[in-house]
Amino acid sequence: MSNNKNNFDGDLDEFVKKLFGNKKGSKEVKEVPKATDPDQQVNNGDTKAKKAPTPLKKDKKPVNVKQWVSSAIVLTVVFAALIIVFANLYIVKENEYKVVRQFGEVVKYESEPGLHMKIPFIQSVTTLPSNLMTHDMTEEEISTKDKKRIIIDNYTVWRVTDPKALISNAGQLLNAESRMEEFIYSALRTEFGQTEYGDIINEKDSKRGNINDRVTQRVNELIDSANFGIEVIDVRIRRTDLPEENEQSVYTRMVSERQSIAQKYLSEGDAEKRSKEAKTDQEVQVTLAKANKEASVIRAEGEAQAAQIYNAAYSKDPEFYSLFRTLESYKKTIGNETMIIIPSESPYAKLLSGQLD
């Protein structure tokens, strides 16, 4: 029994439409070309086509827009949350403080190394060093007790002990350094105003160490009273100079003082020289007097012995002794150019001429 709805009348498209209808999601049938050979034609419309139709393709599933939008929103939220979390993490390293501020007010600070987190958007983090720091101070002119102007060049070793107090009272590190420098020079003026210039520059009896200790103690007292949250470990004076306008006058005065000292030494040396020369001359005079005395005694003894010898010789041959004494007297009185006029009858003339018997 045949049904007219499902009968194939030679039009494949029409047959498929009748067979499956136009329902949504129906399978799509590819168009099959009609047979041109009469032998391939169906007979009486009841038999099926000899050539089977090609396989049918299924339709793609429709995109679920709402699901995609929901997934995108979730991913965006998760990504934003991760960004916020990582942006509000902070790391505390060694030798530093992390100060947490909320609406500008310090709420806490961390000093132990590690990973910490702050509240997003309402808290901020400031870093401060916790290790020892050196601050080179500017040169300053200060008066000593004896009204001499000197230029002081020093440095300071200090550290932060209470970051919360520093932020609350000083605001930032530079302000704390500035106030610390003011306190140091205030203490230095006080100390140098009580110290003589010579005690400061004297290398053998220097009081710099005592001044440094007293200045350090005084500065810490001033800092504690202001509650700046810092501590001064040491204040050291590296160099002391005179102002340029005073250098030449001081140099001239130093030269004059050294010349006075040199003249004093020369005067003392001359006095010592004269004293030793006088003492030596006195000793020489005493020694010469003693020598002359001894020589006179010896000479007198010799003359006495000579007189005795002369007397002995005279007593033996008076004439010969008289002649010998005469010759000796002439030997001493007559020189190379001496002219003596004697009478020819004198015994001496006869003696010289060989007329004596």
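I started with two rings: Phe183 is buried, and so is Phe228 (buried means under 20% relative accessible area, exposed over 50%, partly exposed in between, with a 1.4 Å probe and protein chains only). A note for newcomers: this is a predicted model, where local features need pLDDT of at least 70, side-chain atom pairs count only at pLDDT 80 or more, and totals for chains, interfaces and linings use all residues. Residues are numbered from 1 along each chain as its sequence is written, and side-chain values use heavy atoms, leaving out hydrogens and water.

**Aromatic pairs**

I looked up ring pairs and found two (centres within 6.5 Å; planes under 30 degrees apart are stacked, over 60 edge-to-face, the rest tilted). Tyr97 and Tyr109 meet edge-to-face, 5.8 Å centre to centre with 85° between the planes. Tyr97 sits in strand β2 and Tyr109 in strand β3 (residues 105-110), so the pair ties together parts twelve residues apart in sequence (strands are DSSP runs of E, at least two residues; helices are runs of H or I, at least four; both are numbered from the N terminus). Tyr97 is buried at 11% relative accessibility, while Tyr109 is partly exposed at 33%. The rings of Phe183 and Phe228 have centres 6.2 Å apart and planes at 20°, so this pair is stacked. Phe183 belongs to helix α4 and Phe228 to the loop between α6 and β9, so parts 45 residues apart in sequence are tied together.

**Phe192**

Next I checked what Phe192 touches (heavy atoms within 4.5 Å). Leaving aside residues up to four places away in sequence, I noted contacts including Ile142, Ile150, Ile200 and Ile237.

Definitions and conventions
Phe/Tyr/Trp six-rings, centres within 6.5 Å; stacked < 30°, edge-to-face > 60°.
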